[in-house]
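Good morning, colleagues. Please have the sequence and the coordinates open, as I shall refer to both throughout.

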2 protein chains.
Amino acid sequence: MSQDLPVTAYAILGLLTFGDELTGYEIKQRADMTLRFYWVSPATSQIYTELRRLADHGLVRADAHADGGREVTSYAITDAGQEALRTWMAETPAGFPVLKHPVLLRLLVGHASEPARTRQMLHDYLVELDQALADLGGVRESLRGADSEGEPFRFPALVADWGLDYFAAEAVHTQRALASLGDPGPSATA
Amino acid sequence: MSQDLPVTAYAILGLLTFGDELTGYEIKQRADMTLRFYWVSPATSQIYTELRRLADHGLVRADAHADGGREVTSYAITDAGQEALRTWMAETPAGFPVLKHPVLLRLLVGHASEPARTRQMLHDYLVELDQALADLGGVRESLRGADSEGEPFRFPALVADWGLDYFAAEAVHTQRALASLGDPGPSATA
DNA sequence: ACTTGCATGTAAGTCGTTACATGATTGT
DNA sequence: ACAATCATGTAACGACTTACATGCAAGT
């Protein structure tokens with residue numbers, strides 16, 4: 001039955017299990033808000049490509065309708081899509097996470113760089129972590145009120161909390177690395 | 001001068017900054033031990049491809065010599081390679097980590113799966129985390145004795161400690177998710 | 001009037017994987 | 001003698017990205 005699709009296809013399928021019909025554009029936005037923290041946010045063009053493939057396999061239904069004056073296509077998951085997603089989750093091992101961590105990669109070969117540059121990189125990372133924490137924190141807040149057992153956003157809330165803890169831990173590790181590199185931190189200047 | 005190369009090329013270059021001349025085969029082994037935790041362990045064929053490209057750019061020197069009866073090629077980083085690596089680290093922003101986390105992806109759409117299956121997945125993940133902790137812990141141990149300031153393995157030790165903490169935190173998050181899903185844990189049965 | 005957002009794609013190219021092929025060396 | 005490890009590649013293919021192109025709708 002269900003041919004093996006790239007994981008990204010299942011990720012898109014998963015986004016469509018939360019009820020609404022979505023356009024490719026909207027899927028991209030949702031992916032930017034949620035998927036990007038745990039998987040990737042695929043390029044827009046990739047999303048349209050996957051949607052076409054999913055439609056060809058009958059896993060999503062393309063609903064072309066008029067929005068104001070123009071033609072817009074939104075997509076809904078089909079019963080076959082639900083089934084394919086469930087089968088995939090039941091029978092395909094999840095596998096171990098792949099972490100592409102440019103900061104750690106560069107820190108690994110830190111002896112080949114200026115110490116000041118390495119510290120700068122870690123400071124930059126802290127700023128980006130702050131941003132990520134704020135972004136994901138915003139998402140987490142938006143789920144409040146429907147995040148208990150049996151409610152629709154229980155699982156998204158679970159992974160958001162996981163992600164928030166992860167980013168917080170990254171910040172701690174970064175601080176620790178900075179301390180180990182003799183960075184005084186922003187304490188004295190303030 | 002230094003064209004933009006894929007990050008994997010710089011990662012290989014980085015592995016060659018630890019002193020020895022390495023064959024492609026040995027680079028693959030080192031990558032499996034260290035790089036795989038923070039970046040990826042490229043396929044063997046990919047390593048040979050990158051090595052050829054690096055050699056074409058003059059960033060590594062290919063040293064074909066006889067090992068016993070057969071021809072073996074080992075690679076050493078050149079001065080130009082050191083320079084290219086330093087330039088890359090100095091001028092290219094590291095960028096934010098990309099996490100491809102199939103467990104979190106599946107947990108995100110947990111409502112589309114059997115609860116028992118989700119718990120099973122988390123248990124499986126715990127086992128894999130144990131293995132990763134053991135593997136990386138072994139690497140960490142092998143660095144002892146040369147992991148202080150000014151010593152060659154200072155930075156590898158720093159990232160290994162970071163990684164060990166990360167895996168430990170993942171285990172905690174997994175346990176927490178299991179608890180939230182009503183998993184009693186292995187306590188009562190023991 | 002003009003910019004920003006919404007919405008959908010095509011084309012080209014790269015990175016990287018899997019599968020396969022080959023052969024020498026070492027250990028048991 | 002046989003298996004495992006060392007060592008080096010080729011070929012085919014797929015996922016994904018970037019760059020580009022297009023045009024309507026809505027806000028200021």
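In this predicted model, an N or O atom in the side chain of A:Gln46 lies 3.0 Å from a phosphate oxygen of DNA strand D. A second phosphate contact comes from A:Ala43, where a backbone N or O atom is 2.8 Å from a phosphate oxygen of that strand. Chain B reaches a base: a polar side-chain atom of B:Arg70 is placed 3.1 Å from a base oxygen of DNA strand D.

Which elements give two or more residues to the surface near DNA strand D? From chain A there is α3 (44-56), and from chain B there are α2 (24-38), α3 (44-56) and β3 (70-77). The most is given by α3(A), with four residues.

Let me turn to the surroundings of the strand as a whole. There are 21 residues around DNA strand D, and those that come nearest are A:Thr8, A:Ala43, B:Tyr25, B:Tyr48 and B:Thr73. By character, the residues of this surface comprise six nonpolar, 11 polar and four charged. On the DNA side, 65% of the strand D atoms within 4 Å of the protein belong to sugar or phosphate, and the rest to bases.

Finally, the sheet of chain A. Its three strands form an open sheet in the order β1-β3-β2, with antiparallel pairing. The edge strands, each pairing on one side only, are β1 (22-23) and β2 (60-67). Eight bridges join β2(A) to β3 (residues 70-77) of chain A in the antiparallel sense. Within that chain, A:Ala64 has A:Thr73 of β3(A) as its bridge partner.

Technical notes
Residues numbered from 1 in each chain as written. Chains lettered and ligands numbered in written order. Predicted model: local features only at pLDDT ≥ 70, side-chain atom pairs only at ≥ 80, totals over all residues. Heavy atoms only, no water. Pairing = 2+ DSSP bridges. Near = heavy atom within 4 Å. Polar contact = N/O pair within 3.5 Å; in protein donor to acceptor, adjacent residues only side chain to side chain. Nonpolar A, V, L, I, M, F, W, Y, C, P; charged D, E, K, R; others polar.
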